[in-house]
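Me: I should like a close look at one chain of this assembly, with its division into domains as the point of departure. Please set out the part in connected prose and then place it in its wider surroundings.

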Amino acid sequence: MLRLEKRPQPSQLWTVVTPILAVFLTMIVGGIMFALLGKPPLEAIKVIFWDPLFHEQFAAYSRPQLLVKAGPLILIAIGLSIGFKAGIWNIGAEGQYIIGAICGAGVGLAFYPSESVLIFPAMVLAGAAGGWAWAMIPAVLKTRFGTNEILVSLMLVYVAQNVLISVSSGLLRNPEGMGFPGSRNFKQWDAAHNAELIANTGMHWGVVAAFIAVIGAYMLMSRHIMGFNIRLTGEAPRAARFAGVSPTRIVFFCLGLAGLLAGAAGLFEATGPAGQITGAFNAGYGFTAIIVAFLGRLHPVGILLAGLLMALTYIGGELAQLMLNLPGASIQLFQGMLLFFLLATDVFTNYRLRFGKKGLV
Amino acid sequence: MDLSSINPVLLIASVMVSATPILLAAIGEMVVEKSGVLNLGVEGMMITGAVVGFAVAVSATSPGLGFVAAAIAGALLSLAFGLLTQYLLSNQVATGLGLTLVGLGLSSLIGKPYEGMKTPTLSKFEIPLLSDLPILGDMLFSHDVMVYFSLLLVAAVWAFLKYTRAGLILRAVGEGHDSAHALGYKVTQIRILAILFGGACAGLGGAYLSLVRVPQWTEGMTAGAGWIALAIVVFASWRAGRVAVGAYLFGGVTVLQLNLQAAGADVPVALLSASPYLITILVLVIISARGVHGAPASLGRPFHASH
Amino acid sequence: MTDVLLRLEGLTKAYPGVVANDDVSFDIREGEIHALLGENGAGKSTLVKMIYGLVKPDSGTMTLRGAAFEPAEPRAARAAGVAMVFQHFSLFDALSVAENVALGMENPPKPRDLARQIRDVSETYGLPLDPGRTVGTLSAGERQRVEIIRCLLQNPRLLIMDEPTSVLTPQEVEILFETLRKLASEGTAILYISHKLEEIRSLCDHATVLRLGKKVATCTPADATARELAEMMVGASFETPQKAERPLGEVMLDVRGLSLPAPGAYGTPLREISFQVRAGEILGLGGVAGNGQDELLAALSGERVTAADVIRLRDRPIGTMGPTERRALGVLSGPEERLGHAAAPDMSLTENAVLTGARRMGLLSGGFVNWTKSKGFAEDVIQSFDVRTPGPGTAARALSGGNLQKYVIGREVLQSPEVLVVNQPTWGVDAAAAAAIRQALLNLAAKGAALVVISQDLDELMEVSDRFGALNEGRLSEIRPVDGLTVDEIGLMMGGAHDMEVAHVDG
């Protein structure tokens with residue numbers, strides 16, 4: 001008989017091993033899934049994980065996409081992970097991302113066609129502020145009334161999506177767009193364009209922000225007392241109150257920071273890779289970032305790696321669609337499975353598997 | 001705006017139809033939460049139920065089989081959640097989110113070939129005598145069988161929790177898993193059963209969307225219905241009767257806003273479309289401001305029999 | 001009356017790293033009250049869990065009235081006539097008394113019949129209880145009655161009682177003993193688990209003593225002295241804490257009319273609590289569990305704030321200050337719950353040192369934690385308080401109860417508090433660690449700190465405190481000097497027998 005036995009303390013080794021194990025398990029089960037879909041499994045795995053970086057024909061295009069996709073994922077996941085550490089479940093990053101993009105774009109478009117160098121920084125600030133404000137709604141409701149932040153932040157995603165559809169065919173619609181929904185194209189307006197900083201790398205300001213966020217989060221969580229308080233709140237809320245940590249402040253800080261980063265990510269995306277605000281410019285990064293945060297073990301460096309890996313599956317998925325005619329949705333499932341396997345294998349971090357007679361029922 | 005286009009008989013009747021999927025999912029989730037488990041994957045199980053129900057109903061040209069398949073699909077997906085959270089002791093919040101993401105991916109994968117197809121739908125089951133009543137007959141007693149089934153299920157859950165020993169044990173497990181374990185009840189197994197029930201109910205709710213309410217398969221068609229079901233359980237303070245009230249209130253809001261949109265009300269469409277979500281938030285705030293009562297004491301806490 | 005009811009032979013149960021029971025054998029006879037005596041961690045709980053079917057022995061056999069007895073689960077044990085009153089973990093707060101009773105029975109009667117049976121039994125044994133009440137609203141003593149009645153309704157042949165008196169006032173203990181003697185006289189055997197020697201001497205016919213998982217003796221407790229029993233139980237002798245004569249200084253902590261609403265559905269409100277503690281003085285506050293102990297500690301530590309004037313430190317109002325500000329001024333505290341309140345279970349000892357010591361020990365600079373210095377502080381605590389652990393990197397939950405308790409008390413003591421408030425400082429701790437902690441508290445007072453020691457262990461309070469008061473339903477009794485206080489007086493201060501009646505032993 002198998003049974004689980006709690007470890008005296010979490011295993012350091014398994015903390016690192018589980019994500020890798022989860023990736024392998026996902027590859028195996030994903031391969032089986034591809035086989036069931038009538039696709040060559042090994043080929044599909046190779047197209048997803050290897051070809052985006054090394055394929056003779058496509059790599060030149062797809063390699064820069066790695067940073068383009070990883071940037072927003074990392075930026076959002078860093079914000080989410082800090083909240084998750086404190087036991088604050090903001091799952092509405094997608095909404096904060098959308099509202100950030102709308103606010104930032106709105107501020108920029110108000111000055112169209114100015115070519116001032118201040119336009120882009122102002123848009124970034126407005127984007128971050130928009131995301132922050134949207135995240136403040138669940139924060140205020142939670143601290144003031146004790147309302148569950150999971151449900152509120154999620155509901156607000158649907159609200160944000162409705163706002164997005166409304167503004168892209170109303171307030172922010174391109175007056176010269178011949179009546180099509182969608183804002184002006186920022187790629188054609190230098191002052192507001194989040195352009196590639198180094199040619200053919202995919203590096204744009206959003207990626208820079210993501211790297212800064214990784215370093216900042218690392219400093220905060222491992223060295224600063226605020227990071228300590230956040231971890232303490234998540235691990236033992238009563239001990240945190242005993243230590244003198246105000247739960248209200250933690251809620252505001254964590255939700256605010258997550259909203260801020262998601263909002264900025266939205267703005268970087270709208271003014272860069274997406275190029276304009278449309279009803280569907282958001283690509284679900286806010287949800288995928290949840291997987292990235294967990295896969296990265298809620299650790300900044302882990303999130304950096306997980307973000308790159310997840311970006312790889314996005315690009316690889318597109319390639320597989322192109323080369324093997326693999327349905328796009330299978331990648332979404334693939335990513336979901338990754339999270340599932342991670343959660344399943346995570347048990348070994350805190351428990352040890354024992355063989356032997358079962359001592360209890 | 002032309003409000004006269006809104007027919008009160010049809011309005012009430014469509015409220016019942018619109019409330020049913022959420023009612024099914026919510027009553028299932030309530031049982032899960034009563035056993036002390038928080039499964040945030042309702043949305044994922046619902047949409048999987050929707051697509052599987054649709055696919056089977058189309059292939060077998062039988063909506064009934066579609067519902068059965070949807071229930072099984074929902075239960076299977078919930079079993080994955082159950083194994084992870086109950087045996088591998090994973091975090092319930094994270095696992096529930098993961099279940100939703102998996103369900104969304106899985107459903108759009110399965111559903112691709114079925115987009116735009118038509119399905120055989122459930123015929124109306126007119127309750128003898130009652131359906132002949134003027135106005136009320138059309139309003140309340142001329143629905144498909146799932147509408148009545150969902151209401152009977154609520155009554156059954158209520159009676160089960162209140163009057164049966166198994167119901168008492170289920171509540172006990174949710175109130176204190178350590179105590180229940182000390183008395184010799186098999187906490188994990190009882191919870192798995194509750195999770196399976198919740199999954200099957202969510203699957204049925206999803207199938208009702210794709211087979212009756214819409215009836216069509218479109219990607220992401222649950223549009224947050226599973227999350228609203230979760231909110232309704234909180235709103236209902238974990239009581240079966242109130243779950244029905246909550247689902248019908250919510251159904252009312254949805255139908256009303258659709259009717260207002262159709263009638264060309266002088267309100268921005270975005271606001272009307274967002275109103276179900278905004279009202280859910282508002283309801284949650286009102287409930288929590290009064291203080292949430294009735295939450296099972298062990299809700300969401302992991303259980304591991306250490307000694 | 002001398003027939004053997006339950007025979008245990010060679011019971012052994014090992015957990016990783018520890019042998020909880022090692023070849024334990026003894027007999028329990030019909031109708032006797034048999035004590036199972038031992039320190040915390042001696043293996044008493046594991047042993048009774050095996051009898052009750054919660055844990056399976058690795059080896060060894062049990063025989064009940066001559067037949068092999070191998071309960072696979074508590075249900076089987078109950079069916080065989082074994083019932084158990086738990087110390088913790090077997091009641092459901094949100095359910096009614098009747099529902100709780102029904103959950104502990106194999107074939108409960110219909111609700112109406114059950115309610116009547118509960119009333120009948122509670123009357124017969126002098127344990128009044130309303131079947132319709134929600135258990136969460138009951139006092140600790142009443143909750144125990146629910147457990148006892150649940151057992152009695154099944155007419156058990158063996159009743160196991162795990163540390164039953166820790167939640168009772170002295171008067172209530174007397175009534176419980178009457179009930180148990182009556183039961184024994186009716187033929188029910190009782191296995192009585194305790195570490196309280198006097199109780200065992202006055203109640204039990206036989207005693208089995210466990211130490212470190214092994215049976216070390218079986219004796220007739222009435223024939224042994226408390227000292228002999230203690231030596232069997234503990235093995236080595238250790239120094240009992242010394243109370244030195246201390247001069248009392250100025251009033252350090254001054255609490256006037258402290259009232260706070262109950263923190264949750266099942267908490268206790270504080271009602272008009274007033275007391276003063278002087279420098280060098282230890283004020284002991286007794287009382288049965290659930291009478292406002294946690295709430296008082298939270299109000300004094302700053303976890304819950306009050307009006308400024310209600311709590312004063314050296315005449316300075318501090319009622320509105322949170323834990324951080326109070327710590328800065330020298331008001332430190334140690335809550336009852338070690339894991340999850342005083343310490344974060346999954347965090348290392350170093351991190352747990354930062355938890356309360358961050359500012360007072362200067363572990364921060366510019367908001368950043370100096371981990372080297374923090375580790376040093378943790379090592380200091382480990383060394384000064386003889387905490388047995390591989391090192392400061394160990395997670396708090398990996399420590400034994402006694403070691404972690406020494407750590408969390410030591411962490412506060414080393415910060416040189418002006419006022420220290422502790423709740424249950426030696427709860428669930430072995431005798432040697434308990435003695436060390438008590439000595440540390442006495443030493444701290446000798447250095448001029450003012451201490452408030454909240455405890456449910458009266459012996460402990462008599463040992464360390466200068467003055468004594470008792471909490472009862474959130475009120476504080478009159479405070480009296482410890483010298484010359486009798487057990488009866490203490491019992492009355494704790495609320496006497498509450499609403500219990502003496503059992504009708506004639507029945």
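Reply: Chain C of this predicted model is divided into domain 1, residues 4–234, and domain 2, residues 251–493. The C-alpha centres of domain 1 and domain 2 of chain C are 32 Å apart. Contact between them involves 16 residues of domain 1 of chain C and 14 residues of domain 2 of chain C. On the side of domain 1 of chain C that touches domain 2 of chain C, helix H5 (140–152) and helix H6 (170–185) of chain C each supply at least two residues. Sorted by class, that side of domain 1 of chain C has 9 polar, 5 nonpolar and 2 charged residues.

Next comes an open sheet of chain C. Its 4 strands follow the order S12-S11-S14-S15 (chain C), and the pairing is antiparallel. Strand S12 (270–278) and strand S15 (316–317) of chain C are at the edges with a single partner strand each, so one side of each has no neighbour in the sheet. At the S15(C) edge, strand S14 (residues 311–313) of chain C is joined to S15(C) by 2 bridges, and the two run antiparallel. Within this pair, Arg312(C) is opposite Pro317(C) of S15(C). Helix H9 (residues 293–301) of chain C packs on the sheet and touches strand S11 (251–260), S12 and S14 of chain C. The direction of this helix H9 of chain C makes about 60° with that of S12(C).

A further strand of chain C deserves separate attention. Strand S21 (residues 467–472) of chain C has 5 of its 6 residues buried, so S21(C) is largely enclosed by the rest of the structure. Strand S13 (residues 282–286) of chain C pairs with S21(C) in the parallel sense over 4 bridges, and Leu285(C) has Gly469(C) in S21(C) as its bridge partner. By contrast, S21(C) runs antiparallel to strand S23 (residues 480–481) of chain C, to which 2 bridges join it. There, Phe468(C) has Arg480(C) in S23(C) as its bridge partner. S21(C) is also joined by 2 bridges to strand S22 (residues 475–476) of chain C, again in antiparallel fashion, with Asn472(C) opposite Arg475(C) in S22(C). The hairpin of S21(C) and S22(C) has 2 residues between the strands, and Glu473(C) takes a positive phi near 50° in this hairpin.

The wider surroundings include the largest nonpolar core, which has 384 residues. Ile76(A), Ile232(B) and Val243(B) are the residues with the most contacts inside this core. Helix H9 (residues 187–213) of chain B provides its largest share, 16 residues. Both domain 1 (4–234) and domain 2 (251–493) of chain C give residues to this core, so the core lies between them. Beyond four places away in sequence, Ile232(B) touches Ile22(B), Ala26(B), Val243(B), Gly246(B), Ala247(B) and Phe250(B).

There remains the contact of chain B with chain A, which takes 43 residues from chain B and 39 residues from chain A. On the side of chain B that touches chain A, two or more residues each come from helix H3 (63–87), helix H4 (92–111), helix H10 (225–235) and helix H12 (269–290) of chain B. H4(B) gives the most to that side, with 12 residues. By class, the side of chain B that touches chain A has 29 nonpolar, 12 polar and 2 charged residues.

Definitions and conventions: Residues numbered from 1 in each chain as written. Chains lettered and ligands numbered in written order. Predicted model: local features only at pLDDT ≥ 70, side-chain atom pairs only at ≥ 80, totals over all residues. Pairing = 2+ DSSP bridges. Contact = placed C-beta atoms within 7 Å. Axes fitted to C-alpha atoms, helices over the stretch in contact; angles between N-to-C directions. Domains from an automatic or database assignment. Nonpolar A, V, L, I, M, F, W, Y, C, P; charged D, E, K, R; others polar. Buried ≥ 20, exposed ≤ 12 C-beta atoms within 10 Å, placed from the backbone. Core = buried A, V, L, I, M, F, W, Y, C linked by C-beta atoms within 7 Å.
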